[in-house]
Amino acid sequence: MRYILFILVLICSIGQLKSQEKSGIENFAFQSGEKLTFRGYYNWGFLWVAAGEVKLEVKNELYSDKPAYKIEALGRSLKAFDWFFKLRDTISCYVDTTSLKPFYFDRKTHEGDYIARHEYWFDYDKDQIYSKIRKRQKPEKKDTLENKTISSDIVSVAYYTRNLDFSKYKKKEKIPLRMLIDNEVHNLYIRYKGIENVKLKSGEVYECLKFSPMLVKGHLFQGGEDMTIWVSNDRNRVPIMVEAKVLIGSVKGLLNSYEGLRSTRNSHFKKRSGKVELD
């Protein structure tokens, strides 16, 4: 449960190209007002048990007088699990509305007795990232990281990637990325695994782009490609499902509901708001 928010955010954190240009990118996939809700499930043995929920929301706001999207992820354990492990996490970031580059990232963690806050400021004039980390009963730590090749946090990278053209990649091809995780910039990749259908309980089928990201070895993952992500193959590029092996058991994240989607034309989503029930 400690990493349920991180797991579900990774549903859509599928990479960022090293060749990303500072000039910007056309955003066709999302808009202010979009809200996505995911349910997290944990498996230890033979049963899948509902364990947590994450809500992602996009808003138009200003950051230092610059037009920005505020993207917020709220993660919580379900009430039935609070007695076992209570989780209330908030991740938010501000990104430029033109380039989708991050301005600021803030992660507030409240997981059981563990309380922490990670903040990052991106300075593109000096090619640096400034960090401030506070943990319960520990002194505050400040640091400066080099950022000559653009890096992103785990939230902004997801929304940037939803606008990439994946048609130019071949099946099994690796796509390099740089991601900021816990005050370190990691050179990682995702492996494109082609197109695969995901079936709903209604019988409707969503055509999805399928990926496996390289994971950082640590307290949660063994490392390698033990995660698979499915994203709708339409102009909305909505994350549909993720499955991953963890050190003990496995986890799954499923899209539960959506609101304020940008496009219904040539889309799997005929309405801008609705529910999703996977088979």
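# Salt bridges and strands in a predicted model

This predicted model holds nine salt bridges.

Q: How far apart in the chain are Lys-35 and Glu-57, whose side chains meet in a salt bridge?
A: Happy to start here: the contact between Lys-35 and Glu-57 has an N to O distance of 3.9 Å. Lys-35 belongs to strand E1 (residues 35-43), while Glu-57 lies in strand E2 (residues 48-63). The pair thus links distant parts of the chain, and the separation is 22 residues.

Q: Is Glu-57 buried or partly exposed?
A: The cut-off for buried is under 20% relative accessible area, with exposed being over 50%. Glu-57 has 23% relative accessibility, so it falls between those limits. Its salt-bridge partner Lys-35 is at 33% and has the label partly exposed. For Glu-57, too, the label is partly exposed.

Q: Which residue forms a salt bridge with Glu-119?
A: Glu-119 is a nice one to look up in the structure, because its relative accessible area is 5% and it counts as buried. Its partner is partly exposed, at 26%. The closest N and O atoms of the pair are 3.6 Å apart, and the partner is Arg-117.

Q: Which residues are linked in a network of salt bridges?
A: One pair in the network is Arg-134 and Glu-140, whose side chains meet at 3.8 Å, N to O. Arg-134 is partly exposed at 30% relative accessibility, and Glu-140 is partly exposed at 41%. The network as a whole consists of Asp-106, Arg-117, Glu-119, Lys-132, Arg-134 and Glu-140.

Q: What is the distance from Lys-70 to the nearest side chain of opposite charge?
A: Lys-70 sits in strand E3 (residues 66-77). This lysine is buried yet has no salt bridge. A salt bridge needs a nitrogen to oxygen distance within 4 Å. The nearest side chain of opposite charge to Lys-70 is that of Glu-72, at 4.1 Å.

Q: Which residues are in contact with Lys-70, leaving aside its neighbours within four places in sequence?
A: Some of these contacts have already come up or will do so below: Glu-57 is one of them, and Glu-57 is also the salt-bridge partner of Lys-35. Another contact is Cys-93, which is buried at 0% relative accessibility. The full set is Glu-57, Val-58, Lys-59, Glu-61, Ser-92, Cys-93 and Tyr-94.

Q: How many disulfides does the structure hold?
A: Two cysteines are worth a look here, Cys-93 and Cys-208. Cys-93 is buried, since its relative accessibility is 0%, and Cys-208 is buried with a relative accessible area of 0%. As for disulfides, the number in the structure is zero.

Q: How many of the seven residues of strand E13 are buried?
A: Strand E13 (residues 239-245) is largely enclosed by the rest of the structure. E13 pairs in the antiparallel sense with strand E12 (residues 227-232) over five bridges. E13 also runs antiparallel to strand E14 (residues 250-259), again with five bridges. Among the seven residues of E13, the number buried is five.

Q: Which residue in the turn between E12 and E13 has a positive phi?
A: E12 and E13 form a hairpin, with six residues between them. Across the pairing, Thr-228 has Glu-243 in E13 as its bridge partner. In the turn, a phi of about 50° belongs to Arg-237.

Q: Which residue in E14 is the bridge partner of Met-241?
A: Five bridges join E13 to E14, and the two strands run antiparallel. One of the bridges pairs Met-241 with a residue of E14, and that partner is Leu-254.

How values were computed. Residues are numbered from 1 along each chain as its sequence is written. This is a predicted model: local features need pLDDT of at least 70, side-chain atom pairs count only at pLDDT 80 or more; totals for chains, interfaces and linings use all residues. Side-chain values use heavy atoms; hydrogens and water are left out. A disulfide is a pair of cysteine sulfur atoms within 2.5 Å. Buried means under 20% relative accessible area, exposed over 50%, partly exposed in between (1.4 Å probe, protein chains only). Helices (H or I, at least four residues) and strands (E, at least two) are DSSP runs, numbered from the N terminus. Lys and Arg count as positive and Asp and Glu as negative; His and the chain ends are not counted. Contact means heavy atoms within 4.5 Å. Two strands pair if DSSP finds at least two bridges between them.
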